[in-house]
Structure formats: structure tokens, C-alpha cells
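Biologist: I am new to this structure and would love a close look at one part of it. Could you walk me through the nonpolar core and then show me what lies around it?

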Amino acid sequence: MQRVLAAALLLLSTAGCVIVGDPTCSGSSASVVVAPGVGVVTVGQSFTPTGSDSWCDGGHQAHGSPNWSLRQPGDSAFVILDTSTGRITGRRSGIATVAARSDHSGATSSILVTVR
């Protein structure tokens, strides 16, 4: 336990954000983590958030990439989303929410995007 805590503190000091799951998969340790949680772009500008999907598979922790989608159909008026990579491009001034979802666990996380 001390090694896990020390590793988590080391990652926290270098990465700025740590989500510690259950490496033994004894509980329900599914998560989807995205960064940044909030994005600001100008019309025509793009950025690609990072996303991590984590779940238990046969008693072992498994990792992958989440599926990307727009939270509301109307969000497409403000951003263009590449659903395979998560790349977000500003289309028109406004606010949109991009969701990252795990097909394995149903866990979700989202990014609030403001387009100027």
C-alpha cells in the first residue's frame, strides 16, 4: 500500500492529476478520465483532449480509449468533433459539451468547450 501511495504522489507531482483505481479489481473500478475538463477555442481552431478508459477484465485492470460524442445534437452548431480521435474544432461562437464514454463500463466524463 505504501508503494502505491508513493507512486500516486510521484505521479501527482509530475502530471498534476491522478485517478487511482483498484489494481486488484476486487471492486468496481471503472473510470473515464479526460483532460482538460474545460476548453476554449476560437472559430477554426482545434485541440485534441486526452482520454483514458479503465475497467476490470477477468480480475485485471484493463485500459483503452473512450468513445467521443457530442452531449446534445445541437452542440454540432458550435463544434466539429472527430469521433475517432476526440479532436474538437470551433465552428461558431457558443458552448458545447463533448462526452467521453466507456463501452466496457458505461462510465462517462465530459469536456465543456467554449468557442469564441
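Modeller: Happy to; here is the core, followed by some strands, a turn and a few other details. This is a predicted model, in which local features need pLDDT of at least 70 and side-chain atom pairs count only at pLDDT 80 or more, while totals for chains, interfaces and linings use all residues. Residues are numbered from 1 along each chain as its sequence is written, and side-chain values use heavy atoms, with hydrogens and water left out.

Let us start with the core. A nonpolar core is a set of buried Ala, Val, Leu, Ile, Met, Phe, Trp, Tyr and Cys residues joined through side-chain atoms within 4.5 Å; buried means under 20% relative accessible area, exposed over 50%, and partly exposed in between (1.4 Å probe, protein chains only). The largest such core has 16 residues, and those touching the most other members are Val34, Trp68, Val79, Ile88, Val98 and Val113. Two or more residues come from each of β1, β7 (79-81), β9 (94-101) and β10 (108-115). These strands are DSSP runs (E, at least two residues), numbered from the N terminus. In soluble globular proteins, nonpolar side chains tend to be buried together.

Val98 is a good residue to zoom in on. Leaving aside residues up to four places away in sequence, Val98 touches Trp68, Ser69, Leu70, Leu81, Ile88, Ser109, Ser110, Ile111 and Val113, where contact means heavy atoms within 4.5 Å.

Now to the sheet that includes β7. Its 3 strands form an open sheet in the order β3-β8-β7, with antiparallel pairing; two strands pair if DSSP finds at least two bridges between them. Because β3 (46-47) and β7 stand at the edges with a single partner strand each, one side of each has no neighbour in the sheet. Between β3 and β8 (residues 88-90) there are 2 bridges, and Ser46 has Thr89 as its bridge partner in β8.

Elsewhere, β4 (residues 50-57) and β5 (residues 60-64) pair in the antiparallel sense over 5 bridges, with Asp53 opposite Gly64. Their hairpin has 2 residues between the strands, and Gly58 there takes a positive phi near 60 degrees.

Back towards β1 (31-35), the loop between this strand and β2 (38-41) holds Pro36. The peptide bond from Ala35 to Pro36 is cis, with omega near 0 degrees. Most peptide bonds are trans.

Lastly, the structure holds 1 salt bridge, meaning a side-chain nitrogen of Lys or Arg within 4 Å of a carboxyl oxygen of Asp or Glu. Asp103 and Arg101 form it, with their closest N and O atoms 3.4 Å apart. Asp103 is exposed at 58% relative accessible area, whereas Arg101 is partly exposed at 39%.

Key. Helix = DSSP H or I, 4+ residues; strand = E, 2+ residues; numbered from the N terminus.
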